[in-house]
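User: I am new to this structure. Please walk me through it in short questions and answers.

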Amino acid sequence: MNLTLKIWRQKDASSKGQMVDYNVTDISEHMSFLEMMDVLNEQLIDVGEEPVVFDHDCREGICGMCSMYINGQAHGPDRAITTCQLHMRTFKDGDTITIEPFRAAAFPVIKDLVVDRSAFERIQQAGGYISVNTSGNTQDANAIPISKYAADEAMDAATCIGCGACVATCKNSSAMLFVGAKVSQYALLPQGQIEAADRVRNMVEQMDLEGFGNCTNTGACEVECPKGISLDNIARMNRELIKASV
Ligand code: SF4
Ligand code: FES
């Protein structure tokens, strides 16, 4: 396939960015989207131009790093996958593909397609953990009975990879699907109960401090989430917050 790419180029956080056109040739339909980007970068390096900077790590849908907005959709046109799992067979010869960074005030662009998502780390640090006594008298987690329903729901919430597609997709740049998943993961399990009230209060407070918007129940986040995180997690977070407030 021969393709035209329109890519957001931005030198650094303080520079003004712009869309730049590139042509790539001989792209196999079996390549992943990131492999296609690698081909472009090799082309650019060969002619002495600066390669396009983009985030990636695992390239198998686990780490949540490959945050790109492709043809107006977070992680591109396919459902329930990350950019690194998107294959070029989704596109056809002669296509023009628009590639931008995730856009949100709380995710400032660092360079080209890389955004600063450390706001998510600070929300996690505010309460996305449990404190366990590791003195040697710790109760074995497997000895605590947990219903199948709670285990399944907690596991589903825990599949959130912190990619930020929910924020980039939301018209309000809300992080409630992410925070809802992180709160739910512990709220459903006995191990999460001791710090439950502080956790939800602190995480929601940090979310607001970071400048994320509110949820207005549009549901775009759930549609674009590569891990299928359900809006039920936002409802659970709201219930947890009300419980913590009384
Ligand atoms: S909720 Fe989904 S879209 Fe949002 S950070 Fe988690 S995995 Fe990504
Ligand atoms: S590179 Fe890890 S999820 Fe895409």
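User: How many bridges join strand S3 to S5?

Analyst: This is a predicted model. Strand S3 covers residues 69–70 and runs antiparallel to S5. One facing pair involves isoleucine 70. The partner of isoleucine 70 in S5 is isoleucine 99. The number of bridges that join S3 to S5 is two.

User: Which residue in S5 is the bridge partner of isoleucine 7?

Analyst: Strand S1 (residues 3–9) pairs with strand S5 (residues 96–100) in the parallel sense. That pairing runs over four bridges. Threonine 4 stands opposite threonine 96 in S5. For isoleucine 7, the bridge partner in S5 is isoleucine 99.

User: In what order do the five strands form the sheet?

Analyst: The sheet is open, and its pairing is mixed. S1 and S5 pair in the parallel sense, whereas S3 and S5 run antiparallel. The order is S2-S1-S5-S3-S4.

User: Which strands stand at the edges of that sheet?

Analyst: The order of the open sheet is S2-S1-S5-S3-S4. Each edge strand has a single partner strand, so one side of each is left without a neighbour in the sheet. The edge strands are S2 (18–24) and S4 (73–74).

User: At about what angle to S2 does helix H1 run?

Analyst: Helix H1 spans residues 33–46. H1 lies across S1 and S2. Its angle to S2 is about 90°.

User: How far apart are the axes of H6 and H8?

Analyst: Helix H6 takes in residues 196–209, and helix H8 takes in residues 232–245. They pack at an angle of about 115°. That makes H6 roughly perpendicular to H8. Their axes are 9 Å apart.

User: Which residues of H8 make the contact with H6?

Analyst: H6 passes H8 in a left-handed crossing. From H6, the contact uses Ala196, Ala197, Val200, Arg201 and Val204. By class, the residues of this contact are seven nonpolar, no polar and two charged. On the H8 side they are Met237, Glu240, Leu241 and Ala244.

User: Which helix gives the largest share of the shell around ligand 1?

Analyst: Helix H4 (165–169) and helix H5 (176–187) each supply at least two residues of that shell. The largest share is three residues. It comes from H5.

User: Which residues come nearest to ligand 1?

Analyst: There are 14 residues around ligand 1. By class, the shell has 11 nonpolar, two polar and one charged residues. Those that come nearest are Cys160, Cys163, Ala165, Cys166 and Cys225.

Technical notes. Residues numbered from 1 in each chain as written. Chains lettered and ligands numbered in written order. Predicted model: local features only at pLDDT ≥ 70, side-chain atom pairs only at ≥ 80, totals over all residues. Near = placed C-beta within 6 Å. Nonpolar A, V, L, I, M, F, W, Y, C, P; charged D, E, K, R; others polar. Pairing = 2+ DSSP bridges. Contact = placed C-beta atoms within 7 Å. Axes fitted to C-alpha atoms, helices over the stretch in contact; angles between N-to-C directions. Parallel < 35°, antiparallel > 145°, perpendicular 65-115°, else oblique. Left-handed = near helix turned anticlockwise from the far one by under 90°.
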